[in-house]
Amino acid sequence: MRRVYMDYAAAMPTDPRVLEAMKPYFTENYGNPSSSHSVGRDAKNALEESRTKVARLVGAEKPEEIIFTSGGTESNNLALKGVAYRNRSKDNHIITTTIEHMSVINTCKYLQKQGFEVTYVPVNNQGVVDVERLRKEITDKTILISVMYANAEIGTIQPIEKIGKIAHDNGVYFHVDAVAAAGKVPVNVEKEHVDLLSVSSNDMYGPKGVGALYIKTGTRIEPVIQGGGQERGLRSGSENVPNIVGMSKAAEIASNEMETEGKRLRSLRDKLIKGVLGSVERSYLNGHPTERLPNNANLRFSYVEGESLILSLDMLGVQVSSGSACTSKTLEPSHVLLAIGLAHEEAHGSLLFTLGRQNQEEDVAYVLEVLPGVVKRLRAMSPLTPKEMLR
């Protein structure tokens, strides 16, 4: 049976070139970057070189503006809590959107319990944030605006530069969760007026368990982990040098190959979308039709449960998802799909295809071969399917 993995938003394989770069730092260059001797200095040099590569990926001017963390969730927590705690004696208002990752949504809910005010700005039916509404929500108490660069579920890319200028003009810190975007589309923190930006290694073919937070020079935040003062005192704990080296190699590869790989994936994505919409009656695209991640196709099917589709496709060798892996433990429909105006049954009938480096045209062709039959079979079993569709 053919195996077609199209769930790259949940997990990516570590690029072999990344693994090769990491290996020496497990057994040969195993020093602690905080040590004063030569073995420690070798690790320190690798750490600083890694900072430079990640800075290049996001357009940061100074490598020291990159702080390494355990992943995107920690980076988002440090950005939001760090700004909030640092400024709590003065102001207490945060603005975000209704489609953020749960590591932002739940951090904002936590901060609300601590006495902070949070405004959740809505998006339109394609998942684009209402920029004018966001502008109007700014008050003299606003300390932070947090908007994701692109949504991993529906693929929609936000007008980050416009939002960054609004934040900059109003003297408000601007945080961007770029976990889904970095390495897939160009990101430039300087051009886009970004003060804090979160990235994750695993979302660019690096190892799991490592990420980074860009913190623009002059941006003052409070650390949320206390310890020995590593990472400029903002993220204490001995640095995970092998994983950080792996992340930086992944960032270097992404920087060099983003344009060509993006073009290839965009072509595959468009063939998949066109093929599904053309062959499956009452199927629809979720998210923006063009301003979306090059590897993302979120499709919904009337009268079918997404979970049933996932299991049926898996039996045929195709791995996809119904949304974010971080929310897969709940039976509730995706908050992102509800935020763009879908009814519960529409959200439950959605499938997320995310393509990656290993996918080829033959994979798309195979999905287009088996998917229509799976949908037809499941609709035949559903009491909600109109009788005229079963003829």
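This is a dialogue between a visitor and a guide about how to read selected features of a predicted model.

Visitor: Where should I start with the charged side chains, and how many salt bridges does the model hold?

Guide: A salt bridge pairs a side-chain nitrogen of Lys or Arg with a carboxyl oxygen of Asp or Glu within 4 Å, and by this rule the count comes to 19 salt bridges. One of them joins the side chains of Asp15 and Arg357, with N and O 2.7 Å apart. Asp15 sits in the loop between strand S1 (4–5) and helix H1 (16–22), while Arg357 sits in the loop between strand S12 (350–354) and helix H12 (361–381), so this pair ties together parts that are 342 residues apart in sequence.

Visitor: Are Asp15 and Arg357 buried or exposed?

Guide: Asp15 and Arg357 are both buried.

Visitor: How should I read a salt bridge within a single helix, such as the one between Glu252 and Lys249?

Guide: The general idea is that an α-helix has 3.6 residues a turn, so residues three or four places apart point the same way. In this structure, Glu252 and Lys249 both belong to helix H8 (residues 241–279) and stand three residues apart, about one turn of the helix, with their closest N and O atoms 3.2 Å apart in a salt bridge. Glu252 counts as partly exposed because its relative accessibility is 22%, and Lys249 counts as partly exposed at 24%.

Visitor: Which parts does the salt bridge between Glu361 and Lys271 tie together?

Guide: Glu361 forms a salt bridge with Lys271, the closest N and O atoms being 2.8 Å apart. Glu361 belongs to helix H12 and Lys271 to helix H8, so the pair ties together parts that are 90 residues apart in sequence. At 44% relative accessibility Glu361 counts as partly exposed, and Lys271, at 38%, counts as partly exposed.

Visitor: Which residues are joined into one network by salt bridges that share partners?

Guide: Asp15, Arg17, Glu257 and Arg357 are joined in this way into one network, which brings us back to the buried pair Asp15 and Arg357.

Visitor: Turning to packing, which residues of helix H9 are buried, and what covers them?

Guide: Buried means under 20% relative accessible area, and in helix H9 (residues 306–315) the buried residues are Gly306, Leu309, Ile310, Ser312 and Leu313. Their cover includes strand S10 (296–301), strand S11 (318–319), helix H11 (344–348), S12 and H12. Just after H9, Gly317 takes a positive phi of about 90°.

Visitor: Which residues does Val374 contact?

Guide: Val374 lies in helix H12, and, leaving aside neighbours within four places in sequence, Val374 is in contact with Leu309, Ser312, Leu313 and Leu316. Val374 is buried because its relative accessible area is 5%.

Visitor: Why does Thr69 count as buried, and what does Thr69 touch?

Guide: Thr69, in strand S2 (residues 66–69), counts as buried because its relative accessibility is 4%. Beyond residues up to four places away in sequence, Thr69 touches Glu74, Ser75, Gly209, Val210, Gly211, Ala212, Leu213 and Arg235. With one of these, Ser75, the contact is polar, running from side chain to side chain at 2.8 Å.

Visitor: How should I read a loop residue such as Ala152 beside a buried one?

Guide: Ala152 is found in the loop between strand S5 (142–146) and H7, and it counts as partly exposed because its relative accessible area is 32%. Ala152 nevertheless touches Ala9, Ala180, Asn296 and Leu352, not counting residues up to four places away in sequence. Asn170, in the loop between helix H7 (160–169) and strand S6 (173–177), is partly exposed, with a relative accessible area of 43%.

Visitor: How many cavities of 30 Å³ or more are there, and what lines the largest cavity?

Guide: A cavity is space where a probe fits but cannot get out, and by this rule the count comes to one cavity of 30 Å³ or more. About 170 Å³ of space lies in the largest cavity. The lining has 16 residues, and Gly183, Lys184, Tyr205, Glu261 and Leu265 lie nearest the centre. By class, eight of the lining residues are nonpolar, three are polar and five are charged.

Methods:
Residues are numbered from 1 along each chain as its sequence is written. This is a predicted model: local features need pLDDT of at least 70, side-chain atom pairs count only at pLDDT 80 or more; totals for chains, interfaces and linings use all residues. Side-chain values use heavy atoms; hydrogens and water are left out. Helices (H or I, at least four residues) and strands (E, at least two) are DSSP runs, numbered from the N terminus. Buried means under 20% relative accessible area, exposed over 50%, partly exposed in between (1.4 Å probe, protein chains only). A polar contact is a pair of N or O atoms within 3.5 Å; within protein, one must be able to donate a hydrogen and the other to accept it, and residues adjacent in sequence count only if both atoms are side-chain atoms. Contact means heavy atoms within 4.5 Å. On a 1 Å grid over the protein atoms alone, a cavity is a set of points where a 1.4 Å probe fits but cannot get out, and a pocket is an open set with protein on both sides within 12 Å along at least five of seven lines; lining residues have an atom within 4 Å of a point. Grid points are joined across faces, edges and corners, and a volume is the space filled by probe spheres set on the points. Ala, Val, Leu, Ile, Met, Phe, Trp, Tyr, Cys and Pro count as nonpolar, Asp, Glu, Lys and Arg as charged, and the others, Gly among them, as polar.
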